[in-house]
Each structure stands twice: as structure tokens, then as C-alpha cells.
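Where does the ligand sit, and what surrounds it? Keep the sequence and the structure side by side while you read.

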Amino acid sequence: MIQALRGMKDIIAPDNEIFTYLLSTASAIAERYGYEYIETPLLEETSLFKRSVGESSDIVGKEMYQFIDKGGHDVCLRPEGTAGVVRMFIQNKLDKRGGIHRFYYHGPMFRYERPQKGRLREFHQFGCESFGEESVYEDFTIILMIKDIFDALGIGYTIKINSLGCPECMPGYRESLVTHLNDIRDGLCDDCQRRIATNPIRVLDCKNGSCQALLERSPVITENLCETCDKDFNTLLTLLESHDLPFELDPKLVRGLDYYTRTAFEFVSSEIGAQSAIAGGGRYNRLVEFLDGKPTPAVGFALGIERILDLVKIPERGRNGLYLGMMEPDALPMIIDLAHRKRKVQKVFTEYGKKSLKAHLKAADRLGARECAIIGEDELKNGEIWIKDLETKEEKRIAISEFD
Ligand code: HAM
């Protein structure tokens, strides 16, 4: 028997209903914040991710579904959404047009990670990207939008937040960090030792306990910010505080993607186990320029849909729709016509096989229909239909012509 690939899942009942509810809720909120729906291809040139997410990141270094296509192009399935949106932004010359552009998207992402609870190889994100707004109030507004989304879905969270500085303050910090890391080099794991040269900031979020113990006294980025970054970061923290957003300052939060500048954040849930990040994002002011566009400030986030499916509280919807069936094959044309007419205003389930009344009622119940309407021998003779309301249990027989 052919099975789905490891780390890839079908989205079927009961998750499918939560999935669509979650997407429509998040999309409606993003629209209210002025975001516009877009889609970008699942397949992109590999170099796009190498240049944005970063060659030294785990995502690019170890986790990409990368292959050479029939035309000899080096391509890969997108491991995340931001890079493709930035490529689209530049390709369509929106960077040259100026002004503010806000987009939202959702769809599958692919990372060849070791599957475990909350970690899939194909997973789905809902994300937003805002271009052209430099103000830290945009960072705050994005965080507020995520709060609105999680509140609407009934999901609790804490926000971990950090500032990763800018080209003015980051190089100085990086230098003092490297000096410190070289001092403790021998005690660090192989990955960290390698990262001192390739990406020293990433050493800070090593999951290895003995590395973390050694990192206790490493210099802290938020104490080394330039005046502008420091001022913006403090404004952001004050805004979070004054809006009662639960946050925790985490100077070791560096994120697994290399494009961030200034604000970086993660929403975490204590209810889902080790893979606790339910959303992540931040500012990436240099990425558009880095991908050959006109320098444009930008900020965004993405939330992991599979990670929150079990947490979503969906409003009780009750029974819904009409089930139409017959006990006489000759009634089939009437069922077809009636179903077509009724579908203009409501959901209709049809069954074309001859069944007992009991079997029809059972099928209607299983489908969650509100009404079960059947044409039997007598009804067919008299031009009538028998209807049972499966909620109130009320039964009636009426003329088909009056059934509307
Ligand atoms: P990310 O933190 O890599 O950021 O992913 C965002 C969210 O996707 C995570 O918080 C998590 O909920 C979910 N996620 C990540 N990997 C997996 C996985 N293997 N299985 C299940 N869920 C997963 C980004 O992707 C950035 N593009 C976010 C962003 C947008 N930053 C700025 N704009």
C-alpha cells in the first residue's frame, strides 16, 4: 500500500473544519488590518533562499527539498514564505513605486526536518508581510494583529521578544561576541565552534545545555544597541506593556533565519510540548536591497497552522443542511430537481440509491444534516415529500411544490 511520505499529512476530518475556520478567521483579521491576499509559487530558484534565509542556517544547509529540474535549473520547494513574497515584490517593481504594501498568504512549506510532534516536513503557514513602513509602530501593529488572531481562535500565548540591532550596532556587538566565544571555544559543541566563524549570533540559541551554561556571561545584544534601535525597542516594549500583551524579553532569541534586523519575536504556547513556537517574525529592513531591490523597510510574521490545530476553539455550529433521499427509484428526477433548487440557498446532501427510511435517517445523522427529506412510494403518488427536523424531531409531509 502506498502511504503518504514521512512527515506529511492529509488534512481530513476533524482537522479540515478547524483548518478552514482558522484560515477564514485569520484572513478576515488580516483584511481588517489592510492586508491583501496573494499567492506565490511553491517552487523557487534555490539561490533565492540561499541569499535570504542564509547559507549558514539549518533551513538552507540541511533542510531544503532541492533538486535540478528537467531544464537543468537548481530549484527547491519553499521552506518559508517571506523570501518568495520579497522576490514577487521586487519582480513587480513595487519597491520602485514606493508607499506601503501589505500582503497576506497561506499555504504549504517544506523542510526536511526530523519529524516529531509539532514538526512536519510539509506544514502550513499563515503569514503577513508589510513593506515600506519604517516606524516601530508597524512592528507593534503586526504583534497586535497576531494577538487578535489568537484571541479570536481562543489560543493562549506568551511573546518572546528581542532586538537584533542594525548595521550600525550589530558589527560591534558581533565582534565582542566572537571575542567571548573564542574564549569559551573549547567547551562549545562542534556546531557552535563552526558557527563562531559562519554565524556567531546563532550560537546564542544552541539547544545544548552545556553550551548554554557557558553562554551565561556572553555579551547581551540589547545592551549594545545604537541609539535609534534602543529607542525603537523601548517604544515597542512600552506599547506591549500598555496593551497588556504578555511578553518576555529574550536576548538569546535570534530566530533560525538570517534576514532579521531590529525586532524579532516568537509567540509560544505552553500547551503543545517541545515545539512550542506557534508564530514567529520580525523586521527585515535589508532583505529587499539584498535581493537587488530598492532598499525598503519590511516586517512580517508567520504562524504554524498544524501547531495550533489542537488548540483552536471552534464555535458550536450545530446541524446544518438538508439531506435528500428516496425509497422509490422513480423519484430520482424529482430529487435531482429539488436538490438543484435548494442548493441556491443551502447545503444539500443527496443519495441516489434506494434505501430504507431507517438507513436514510442514519446517513443524514452521520452527515450532520438538520433536515432529512424523503420521497417514498406514497409521497411519489401524491406529489409530496416527508421531512424530519433532526434537531426538534418534528415530522411533516407536504406537497413538493410547497417545499421552499
Ligand atoms: P519560522 O519561525 O521559521 O518563520 O516559522 C513560522 C512558524 O511556522 C513557526 O513558529 C512554527 O509555528 C511553524 N513551523 C516552522 N517549522 C515547522 C515544522 N517543521 N512543522 C510545523 N510547523 C512549523 C518563518 O517561516 C518566517 N518566514 C516568518 C516571517 C515572516 N518573518 C517575517 N515574515
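The paragraphs below go from the ligand to a pocket, then to the cavities and some buried residues.

This is a predicted model, in which local features need pLDDT of at least 70, side-chain atom pairs count only at pLDDT 80 or more, and totals for chains, interfaces and linings use all residues. Residues are numbered from 1 along each chain as its sequence is written, and side-chain values use heavy atoms, with hydrogens and water left out.

Start with the ligand. It is surrounded by 25 residues. A residue is near a molecule if one of its heavy atoms lies within 4 Å of it. E80, T82, E113, E129 and Y260 are the closest. Now look at the polar atoms. E113 places a polar side-chain atom 2.7 Å from a nitrogen atom of the ligand. E129 also puts a polar side-chain atom by a ligand nitrogen, at 2.8 Å. For Q125, a polar side-chain atom lies 3.0 Å from an oxygen atom of the ligand. On its own, the ligand has 660 Å² of accessible area, and the protein covers 96% of this. Such areas come from the Shrake-Rupley method with a 1.4 Å probe; for residues, only the protein chains shown count as cover.

Which elements build the shell? Those giving two or more residues are β6 (122-131), β10 (277-283) and β11 (298-304). Strands here are DSSP runs of E with at least two residues, helices are runs of H or I with at least four, and both are numbered from the N terminus. β10 gives the largest share of the shell, five residues. By class, the shell holds eleven nonpolar, seven polar and seven charged residues. In this scheme Ala, Val, Leu, Ile, Met, Phe, Trp, Tyr, Cys and Pro count as nonpolar, Asp, Glu, Lys and Arg as charged, and the others, Gly among them, as polar.

Next comes the second largest pocket. Its volume is about 630 Å³. Pockets and cavities are found on a 1 Å grid over the protein atoms alone: a pocket is an open set of points with protein on both sides within 12 Å along at least five of seven lines, a cavity is a set where a 1.4 Å probe fits but cannot get out, and lining residues have an atom within 4 Å of a point. Grid points are joined across faces, edges and corners, and a volume is the space filled by probe spheres set on the points. This pocket has 27 lining residues, with R174, D258, Y259, Y260 and R286 nearest its centre. Two or more lining residues come from each of α2 (46-54), α7 (170-184) and α11 (287-290). The largest share, four residues, is from α2. The lining divides into twelve nonpolar, seven polar and eight charged residues. Y260 is thus a residue to find twice: among those closest to the ligand, and among those nearest the centre of this pocket.

Now turn to the enclosed space. The whole structure has two cavities of 30 Å³ or more. The largest has a volume of about 70 Å³. Its lining is E134, V136, D139, S163, C229, D232, F233, R262, T263 and R283. Helices α6 and α10 (227-242) each supply at least two of these residues. α10 has the largest share, three residues. Five lining residues are charged, three nonpolar and two polar.

D139 links several of these details. This residue is in helix α6 (residues 136-153). D139 counts as buried because its relative accessibility is 1%; the cut-offs are under 20% for buried, over 50% for exposed and partly exposed in between (1.4 Å probe, protein chains only). Its side chain makes a polar contact of 2.7 Å with the side chain of T263. Another polar contact, also 2.7 Å, joins the side chains of D139 and R283. A polar contact is a pair of N or O atoms within 3.5 Å; within protein, one must be able to donate a hydrogen and the other to accept it, and residues adjacent in sequence count only if both atoms are side-chain atoms.

The second largest cavity holds about 50 Å³ of space. K9, D10, I11, D15, F19, L120, E306 and L309 line it. Four of its lining residues are nonpolar and four are charged, with no polar ones.

Finish with two buried residues. A83 belongs to helix α4 (residues 82-91). A83 is buried, at 0% relative accessibility. Its C-alpha atom is separated by 8.5 Å from that of L287, 204 residues apart along the chain. L257 lies in the loop between β8 (247-249) and β9 (263-268). L257 is also buried, with a relative accessible area of 9%. L257 and F49 are 208 residues apart in sequence, yet 9.9 Å apart in space, C-alpha to C-alpha.
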